[in-house]
Amino acid sequence: MLRDFMLDTLGLMGRHFKQVRGTLDAGLTIFNFHDVSDTPAPFVDEQGCNVTTALFRKQVDFISSNFNVVPAEACLAGDLPARPALITFDDGYAGTFNNALPILREDRLPSVVLVNMSPILGGNFWAERTTYLCRKVESFQKFLIAEGLASEANVHQAHVECTQGLVDRYESEYGADYLAELDSYNQPYATTGNLEEADEDPNVTLGSHLYTHYNVRTLSDEMLLDQHRKNNAALAGYRRFKPLFAFPFGQPGSCFTQRQADLLLQNGADLLLTAWPSPNADSSSRILDRISLTPEHNTDRKLWAQVVKYPVLKMLGRAREPWAQSD
Ligand SMILES: [Zn+2]
């Protein structure tokens, strides 16, 4: 109740502060979605990262009536109008292509879809797999605690600590029967047919979200570059592919380091996208933050609150800084 009141007040007032207006007008606000579906599977529902088609329309109306939506090419060229916004989607779910893109097409709005090709090609559903293991599989929870990687209190959130080697070790000891249960847990991914169709749409840009949805911070340089190259190779045949990269899980510090960001920039990535929920004051930066829109952002005031929250906290000297856990 109090939180609702505070968010409403922030949404109503925040955008009128001169400093906030300056950031939005001269910077770049990037919005991020995951899936858009009226029949979400448990994984995206539990994560709060699916919005219904009706809410998506409302959120897109909010964006297009308050911002100038630009294509990725304009960001890469540094050629932006006042108060620009970019619309992005992570992961590459079927609903993004079948439900969200048709809605954007009606209004001729450009967007970027950043995909992991491993799940699209039927490979490793890493985010779902590790989330399921940490939340639902007791033997895995005990295994993680015994390995010293989690405590009773935080084991449900420990998926970002999991590595392929760790899961392989668990499976060699306990088996992999749980994998059959993932079919009904996972949100369906796009097909290569969806990608081919999107490739015909001049308003869509395709980008990379790593081949498998690993937490970059847990990867060696060699493995990171291998995963990066593998995804780029799988996307290279699509004309709409551009070297944009969104970090899986996306939190600066806990999900990637500044050094890893530099490594990707030196190895072919032109622009890196985070999940730090802030508008960008400097649109020319090669690492840009993104504001995630979820089911709770369902009124204009709550949408504004989500946009201005970080700049207002910063103005008040109360903002948490990104990269807190970085090396
Ligand atoms: Zn993702």
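This report walks through the domains, the parallel strands and the nonpolar cores of a predicted model.

## Two domains and their contact

Let's start with the overall layout. The domain assignment splits the protein into domain 1, made of residues 2–117 + 201–315, and domain 2, covering 126–185. Taken over C-alpha atoms, the centres of domain 1 and domain 2 are 28 Å apart.

Where the two meet, domain 1 supplies eleven residues to the contact and domain 2 supplies seven. On the side of domain 1 that touches domain 2, six residues are nonpolar, five are polar and none is charged.

## Following the strands from S6 to S9

A good place to pick up the sheet is strand S6 (residues 111–115), which pairs with S7 in the parallel sense over five bridges. Within that pairing, Leu-114 has Gly-207 of S7 as its bridge partner. Strand S7 (residues 204–208) also runs parallel to strand S8 (residues 241–246), and two bridges join them. Here Ser-208 is matched with Phe-245 in S8. Between these strands comes helix H13 (residues 221–235), and S7, H13 and S8 together form a right-handed β-α-β unit.

From S8 the path continues to strand S9 (residues 271–273), with three bridges holding the two in a parallel pair. Leu-244 sits opposite Leu-271 of S9. The chain gets from S8 to S9 by way of helix H14 (residues 258–266), in a β-α-β crossover that is again right-handed.

## A closer look at S7

S7 deserves a second visit: five of its five residues are buried. In a regular strand, side chains alternate between the two faces of the sheet. Which residues of S7 point one way, and which the other? Val-204, Leu-206 and Ser-208 point to one side, while Thr-205 and Gly-207 point to the other, and all of them are buried.

## The nonpolar cores

Nonpolar side chains tend to be buried together in soluble globular proteins. In this model, the largest nonpolar core has 69 residues, and Leu-86 and Val-113 have the most contacts inside it. Helix H15 (residues 300–315) gives the most to this core, contributing five residues.

Leu-86 is a handy residue to centre your view on. Leaving aside neighbours within four places in sequence, Leu-86 is in contact with Leu-28, Ile-30, Val-70, Ala-72, Cys-75 and Val-112. There is also a second, separate core of eleven residues, among them Leu-133, Phe-143, Leu-144 and Cys-162.

Technical notes:
Residues numbered from 1 in each chain as written. Predicted model: local features only at pLDDT ≥ 70, side-chain atom pairs only at ≥ 80, totals over all residues. Domains from an automatic or database assignment. Nonpolar A, V, L, I, M, F, W, Y, C, P; charged D, E, K, R; others polar. Pairing = 2+ DSSP bridges. Helix = DSSP H or I, 4+ residues; strand = E, 2+ residues; numbered from the N terminus. Right-handed = clockwise from strand over helix to strand, strands pointing away. Core = buried A, V, L, I, M, F, W, Y, C linked by C-beta atoms within 7 Å. Buried ≥ 20, exposed ≤ 12 C-beta atoms within 10 Å, placed from the backbone.
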